[in-house]
Amino acid sequence: MMREVNYETKSFLEMLRALRVVLHDINICDVYLTVSDKYTTKIMARRNLIMYEKGSRFYKFIYDSNTVILDSRTARKLLGDRDMDGFIQINKSYVINMAYFSNVGDRVVYLKGVTQPISLSRNGRLALVKYIK
């Protein structure tokens, strides 16, 4: 299979997105790009993202062993990304990676590697049930 990937040559971010497509197609790695500002872009393994938390200015990815990485994208943009299967929004402020799902309580969700429970909204409960079924 041959595939052509084009990107804006003046944009470093576009080049990284094109690289992500190529790496994904040849199954080298499962990457996700975070963009915290005009000059900072990080590449990370998507499978290591535990959750996504809405902050006051930036959105925070809690990543592998509770490292925090800032991103400028909204939860809607994150969930609209075709590569983000396995992530669901459980309340207004949190999106979780279902690979880290541990247990659900009355109105909370527990994740592997996260000590604090995360509140679960009515819509979040519906999304969780839909994902599990």
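The following paragraphs describe the fold, the sheets, the nonpolar cores and selected residues of a predicted model.

The predicted protein contains three helices and 10 strands. Read from the N terminus, these elements follow the order α-β-β-β-β-β-α-β-β-β-β-β-α. Of the 133 residues in the protein, 41% are buried. Among contacts with a separation of 6 or more, 38% join residues that lie 24 or more positions apart. The confidence of the prediction averages a pLDDT of 78 over the protein, and 74% of the residues score at least 70. Confidence is lowest in strand β1, residues 31-37, where the mean is 63. The highest value, 95, belongs to β9.

Five strands form an open sheet in the order β5-β4-β3-β7-β6, and their pairing is antiparallel. The edges of this sheet are occupied by β5 (67-71) and β6 (87-89); each has a single partner strand, so one side of each is left without a neighbour in the sheet. From one strand to the next, the twist averages 20°. In general, the strands of a sheet pair through backbone hydrogen bonds.

Within this sheet, the pairing of β3, β4 and β5 can be followed residue by residue. Strand β3 comprises residues 49-54 and is paired with β4 in the antiparallel sense over five bridges. The connection between β3 and β4 is a hairpin of four residues. In the register of this pair, Glu53 has Lys60 of β4 as its bridge partner. Strand β4, residues 59-63, is also paired with β5 in the antiparallel sense, over five bridges. Here Tyr59 stands opposite Asp71 in β5, while Tyr63 has Thr67 of β5 as its bridge partner. Four of the five residues of β4 are buried, and this strand is therefore largely enclosed by the rest of the structure.

A further open sheet consists of three strands in the order β8-β9-β10, again with antiparallel pairing. Its edge strands are β8 (101-104) and β10 (118-119), each of which pairs on one side only. The antiparallel pairing of β8 with β9 extends over three bridges. In this pair, Val104 is placed opposite Val109 of β9.

The largest nonpolar core contains 16 residues, of which Met51, Ile90, Ile96, Val109, Leu111, Ile118 and Leu128 touch the most other members. Two or more residues of this core are contributed by each of β3, β7 and β9 (108-111). Apart from this core lies another, of 12 residues, which includes Met44, Ile69, Met84 and Val95. The surroundings of Ile90 illustrate the packing in the largest core. When residues up to four places away in sequence are not counted, Ile90 touches Ile96, Val109, Ile118, Ser119, Leu120, Ser121 and Gly124.

Asn91 is located in the loop between β6 and β7 (94-97). This residue is buried, with a relative accessible area of 11%, which falls under the 20% cut-off. The side chain of Asn91 makes polar contacts with the backbone of the residues that follow. It reaches the backbone nitrogen of Ser93 at 2.8 Å, and a polar atom of the Asn91 side chain also lies 2.8 Å from the backbone nitrogen of Tyr94. With residues up to four places away in sequence left out, Asn91 touches Ile118, Ser119 and Ser121. Ile118, Ser119 and Ser121 are also among the residues touched by Ile90.

Arg76 provides a contrasting environment. This residue belongs to helix α2, residues 75-80. Arg76 is exposed, with a relative accessible area of 75%, which lies over the 50% cut-off. In sequence, Arg76 and Gln89 are 13 residues apart. Their C-alpha atoms are separated by 9.3 Å in space.

Notes. Residues are numbered from 1 along each chain as its sequence is written. This is a predicted model: local features need pLDDT of at least 70, side-chain atom pairs count only at pLDDT 80 or more; totals for chains, interfaces and linings use all residues. Side-chain values use heavy atoms; hydrogens and water are left out. Two strands pair if DSSP finds at least two bridges between them. Axes are lines fitted to C-alpha atoms, for helices over the stretch in contact, and angles run from 0 to 180 degrees between N-to-C directions. Buried means under 20% relative accessible area, exposed over 50%, partly exposed in between (1.4 Å probe, protein chains only). A polar contact is a pair of N or O atoms within 3.5 Å; within protein, one must be able to donate a hydrogen and the other to accept it, and residues adjacent in sequence count only if both atoms are side-chain atoms. Contact means heavy atoms within 4.5 Å. A nonpolar core is a set of buried Ala, Val, Leu, Ile, Met, Phe, Trp, Tyr and Cys residues joined through side-chain atoms within 4.5 Å. pLDDT is the predictor's confidence in each residue, from 0 to 100.
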